[in-house]
2 protein chains.
Amino acid sequence: MALSDYPQPSVTADVIIFTMHEQDLHALLIQRKRPPFEGMWAIPGGFVDIDESLEEAAERELEEETGVRDVYLEQLYTFGEVNRDPRGRVITVAYFALVPADVVEPQAGDDATDARWWPVYDLPPLAFDHHDILGYALQRLRYKLEYTAVGFELMPEAFSLSELQAVYEGILAEELDKRNFRRKILNADVIEETGEYRTGEGRPAKLYRFRDDAVAEINARRLFP
Amino acid sequence: MALSDYPQPSVTADVIIFTMHEQDLHALLIQRKRPPFEGMWAIPGGFVDIDESLEEAAERELEEETGVRDVYLEQLYTFGEVNRDPRGRVITVAYFALVPADVVEPQAGDDATDARWWPVYDLPPLAFDHHDILGYALQRLRYKLEYTAVGFELMPEAFSLSELQAVYEGILAEELDKRNFRRKILNADVIEETGEYRTGEGRPAKLYRFRDDAVAEINARRLFP
DNA sequence: ACAAAAGTGTTGAGAGTACACCCATGC
DNA sequence: GCATGGGTGTACTCTCAACACTTTTGT
């Protein structure tokens, strides 16, 4: 029995691309040029080519929209409800990516009239089931933030501790104690001083960078046992 | 442009089915009846029907091999390397399932000459990339065990605390302190006494059951912040 | 000198970990 | 009565969470 005797759905790779902008978490969305959902905003994505892996497809989509390579990229979930796309059976493998703050200007691809960053707490209506997918990505990001060092992937090369704290507060949607935050980050030994200072209003702030060699350990307190 | 103008890979759903047997973690494997990898052991799975969702496909596979429904089932990961199947481009959405100890006798489906439980620390060679997939499933299971109550899904209806501890030790591959284990489980308020006792050698053991209403909270100690 | 943001320590409570002996039953 | 597995409590350590003032700069 040949493979083609089985029904073959279409497979797409969608990439939720997060960044920080003005201390708020943003996601990159494109405005669809063609039906269905013409003119609506959507998560960037496209069909998986027959000779590229899923991850390669995701990397390609990411580069088309942002021009960046080699950023944090992780498979999120595969969405395969029967009627999620009115054109037919389309299964999408969703990825999420984290790009450093303020380095990317979105580029609209062939299939889009526009592409821009949207703050995740103030999104437009989205095409397909993309609202659910984005919500799931946000949940996963927040969750990973709590037990890995993934938050640093969203920071620029150099940053102050206050800026880092503001990012964490924005994503977690809660306020954190400054002294506890600083102690915990510094004790974790994952950042180092750059020697530079950020000047502005008030006392200048020491700048830090993420240490490449610092592999942040998962350190969860077990529920059981 | 129609959907069918894009190349369409085949999509399968594979299900790693775990259970406990004689206090060791086991996975259900089938022996393939047809090429490729004829006669080799493999994770059960099959093509996703055009009018069923991914989860429905996984549930169907699970029921074909075990006869059970309504057990714990979770999407694991989607594997889509280009050459993972010699027949052509096949993307597999992997799920994993947990079935209670000693309730299932495997049933070989149409595509298998045999189906049986294998202890996960002593597996035969596996077809395709199934060794990687199973390893990934095991890692995820071990990980979830540490911060959710998912371990109970592997237990029979009634169990003693020593049996439960042995299951945890088997999966985590480490020894646990009896007094600490018992205190933590009992304080978590997720099991209740059945009133029955298990008799055998030595002092009879109180039996417990999992409380349906107990939603085990995730309670991780954050790494940051 | 004052406004603005950076930086800094201590204490109390709760959870985790290590550790050794008595209890109930079957043979 | 003894072998077998079930069941129990305490002390120490470590991490978390709460909390307020001083320092450095620009204007």
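Rings of Phe, Tyr and Trp (for Trp, the six-membered ring) make a pair when their centres lie within 6.5 Å; planes under 30 degrees apart count as stacked, those over 60 as edge-to-face and the rest as tilted. What you're looking at is a predicted model, where local features need pLDDT of at least 70 and side-chain atom pairs count only at pLDDT 80 or more, while totals for chains, interfaces and linings use all residues. Residues are numbered from 1 along each chain as its sequence is written, chains are lettered from A and ligands numbered from 1 in the order in which they are written, and side-chain values use heavy atoms, with hydrogens and water left out.

**View 1. Two Phe rings of chain B meet edge-to-face.** Across all chains, a search of the whole structure turns up 20 aromatic pairs. Here B:Phe37 and B:Phe128 sit 4.8 Å apart, centre to centre, with 65° between their planes. The two partners come from distant parts of the chain, 91 residues apart: B:Phe37 is in the loop between β2 (24-32) and β3 (41-42), and B:Phe128 is in the loop between β7 (112-119) and α2 (130-147). Helices (H or I, at least four residues) and strands (E, at least two) are DSSP runs, numbered from the N terminus. B:Phe37 has 30% relative accessibility and therefore counts as partly exposed, whereas B:Phe128 is at 16% and therefore counts as buried. For those labels, buried is under 20% relative accessible area, exposed is over 50% and partly exposed is in between (1.4 Å probe, protein chains only).

**View 2. More rings: a cluster in chain A, plus an Arg over a Trp in chain A and in chain B.** Ring pairs tie A:Phe18, A:Tyr72 and A:Phe96 together as a cluster. Elsewhere in chain A, A:Arg116 lies over the face of A:Trp118, 3.8 Å from the ring centre. In chain B, the charged end of B:Arg116 is placed over the ring of B:Trp118, at 3.8 Å from its centre. A charge sits over a ring if NZ of Lys or CZ of Arg is within 6 Å of the ring centre and within 35 degrees of the ring normal.

**View 3. Strand β6 of chain B is largely enclosed.** Nine of the nine residues of β6(B) (90-98) are buried, so the rest of the structure largely encloses this strand. Both faces are covered: B:Val90, B:Thr92, B:Ala94, B:Phe96 and B:Leu98 are buried on one side, with B:Ile91, B:Val93, B:Tyr95 and B:Ala97 buried on the other. β6(B) pairs in the parallel sense with β1 (10-21) of chain B over nine bridges, and B:Ile91 is the bridge partner of B:Val11. With β5 (72-79) of chain B the sense is antiparallel, over seven bridges, and B:Glu74 has B:Phe96 as its bridge partner. Two strands count as paired if DSSP finds at least two bridges between them.

**View 4. An open three-stranded sheet in chain A.** Its order is β8-β10-β9, with antiparallel pairing. Pairing on one side only makes β8 (159-160) and β9 (191-198) the edge strands. Two bridges join β8(A) to β10(A) (205-210), and A:Ser160 has A:Leu207 as its bridge partner.

**View 5. The surface around DNA strand D.** There are 21 residues around this strand, and the closest are A:Arg203, B:Lys178, B:Arg182, B:Gly202 and B:Arg203. A residue is near a strand if one of its heavy atoms lies within 4 Å of it. The B:Lys178 side chain has an N or O atom 2.8 Å from a base nitrogen, and a polar backbone atom of B:Gly202 is 3.5 Å from a base oxygen. A polar contact is a pair of N or O atoms within 3.5 Å; within protein, one must be able to donate a hydrogen and the other to accept it, and residues adjacent in sequence count only if both atoms are side-chain atoms. B:Gly202 also has a positive phi of about 80° in the turn of the β8(B)-β9(B) hairpin.

**View 6. The surface around DNA strand C.** Again 21 residues surround the strand, with A:Ser162, A:Lys178, A:Arg182, A:Lys206 and B:Asn180 the closest. A polar backbone atom of A:Lys206 lies 2.9 Å from a phosphate oxygen, and the B:Lys184 side chain puts an N or O atom 3.1 Å from a phosphate oxygen. A base nitrogen is 3.3 Å from a polar side-chain atom of B:Asp177.
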